[in-house]
Amino acid sequence: MSTTIGDYNADGFFDIYITNSAAGNIHLRNNGGNSFTNVAEAIGTVFNSVSWGAVFLDADCDGALDLYVSGMGDGSNGKLPSAFYKNNGFGTFEIPANIGLQNDRSASFSNAIGDVDNDGLPDIYVVNQVDNNFLWKNETVNTSNWLKIKLKGTESNKDGIGNKIEIITKGESQFRYTLCGEGYLAQNSEYEFFGIGDNTIIDKVNITWNKTGVTETLSNITPNQSIVVEEGKGVLGIESIEVQQKFSVYPNPSNSKFEIASKLSVENIKVFDLIGREVYSSENSSEIDLINEPDGIYIAKIVLAGNTTKKIKLIKN
């Protein structure tokens, strides 16, 4: 049904996970030298249920890529409805108990990762066939550090697609490959997520640009921030978590309700459809509820304390 690409064993070669029918998913370990081996059964990711979307992510920022798989079943037949596979760091995976994701019992087509509240932890959005879509908020409680990187090409394509990123902390490397999209009906955030555990500095970030083949190196990067790197120019912009959390609206898209996270208090909200009709208003609230409005695009005008005004596009689906 779909694939996800990631270096789950941190050997510098990108591996491929393929979702399939109940016959079992395929986890292709890249051996280097243009060969692959299906290791799904050996490492515990075979799934053995009808599945669609899958995505690699470092859910707890420990530096090891985990895996989330969405399925078509509800679990009533004994088959997995979905699975979160925790990477134990030694080349195998297990499904931990009591983490909430076991409640994905809807027929699901796809999933994607992003960071809806800019806390550095990747969240998961799941597109369902009939039921309302899921937004799985990552509420991992730990002290692990992280880095998010977004690329902007100049010689290479401007969206930074098709490039290789390596980060090095204390002699250990992690790799990401920037994709346009993966899976069915899904596309991840433009930021690549890296977890670095308790390390307090990232020694090097190596970016290999696909068109020129040039590798650009950044040194001594502080964690717990998002950086935008422009080809040939280095770090274009840096946003610490404190700055990012000053204002955001999430989830967006949403099927009804949107939450406003702001360092400043919300004084007034007005929401308009694309023909300028006011469809919603509220005062002294941090929530927007469009449950009675049809799916589509809306414009929210949000007035914060000090007469600071934000205009945000909302997508209801």
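Me: Why is Asp273 called buried?
Reply: Buried means under 20% relative accessible area, exposed means over 50%, and partly exposed is in between (1.4 Å probe, protein chains only). Asp273 has a relative accessible area of 13%, so it falls under the 20% limit and counts as buried.

Me: What kind of model is this, and how are residues numbered?
Reply: It's a predicted model, where local features need pLDDT of at least 70 and side-chain atom pairs count only at pLDDT 80 or more, while totals for chains, interfaces and linings use all residues. Residues are numbered from 1 along each chain as its sequence is written, and side-chain values use heavy atoms, with hydrogens and water left out.

Me: What makes Arg277 and Asp273 a salt bridge?
Reply: A salt bridge needs a side-chain nitrogen of Lys or Arg within 4 Å of a carboxyl oxygen of Asp or Glu. Here the N to O distance is 3.0 Å, so the pair passes. Arg277 itself is partly exposed, because its relative accessibility is 42%.

Me: Which other salt bridge does Arg277 make, with Glu293 or with Glu230?
Reply: With Glu293, at 3.7 Å from N to O. That pair links distant parts of the chain, 16 residues apart: Glu293 is in the loop between strand 24 (287-289) and strand 25 (296-304), and Arg277 is in the loop between strand 22 (266-272) and strand 23 (278-283). Strands (E, at least two residues) and helices (H or I, at least four) are DSSP runs, numbered from the N terminus. Glu293 has 16% relative accessible area, so buried is the word for it. Elsewhere, salt bridges with shared partners join Asp60, Asp62, Asp66 and Lys86 into one network.

Me: How many salt bridges does the rule give?
Reply: Twelve. Another of them pairs Lys233 with Glu230, at 3.7 Å from N to O. Lys233 is exposed because its accessibility is 61%, while Glu230 is buried because its value is 9%.

Me: How many disulfides are there?
Reply: Zero. To count, a pair of cysteine sulfur atoms would have to be within 2.5 Å. As for single cysteines, Cys61 is at 3% accessibility, so it counts as buried, and Cys180 is at 51%, so it counts as exposed.

Me: What makes a group of residues a nonpolar core?
Reply: The residues must be buried Ala, Val, Leu, Ile, Met, Phe, Trp, Tyr or Cys, joined through side-chain atoms within 4.5 Å. The largest one has 16 residues, and Ile260, Ile269, Val271, Ile288, Leu290, Ile302 and Leu314 touch the most other members. Strand 20 (247-250), strand 21 (257-262), strand 22, strand 23 and strand 25 each supply at least two of its residues. Strand 25 gives the most, with four. Apart from this core lies another, of 15 residues, including Leu147 and Trp209.

Me: Why is Ile16 called partly exposed?
Reply: Its relative accessible area is 22%, so it sits between the buried and exposed limits. Ile16 is found in strand 2 (residues 15-18).

Me: Which residues does Ile16 touch, leaving out those up to four places away in sequence?
Reply: Contact means heavy atoms within 4.5 Å. On that basis Ile16 touches Thr3, Thr4, Ile5, Ile26, His27, Leu28 and Phe36.
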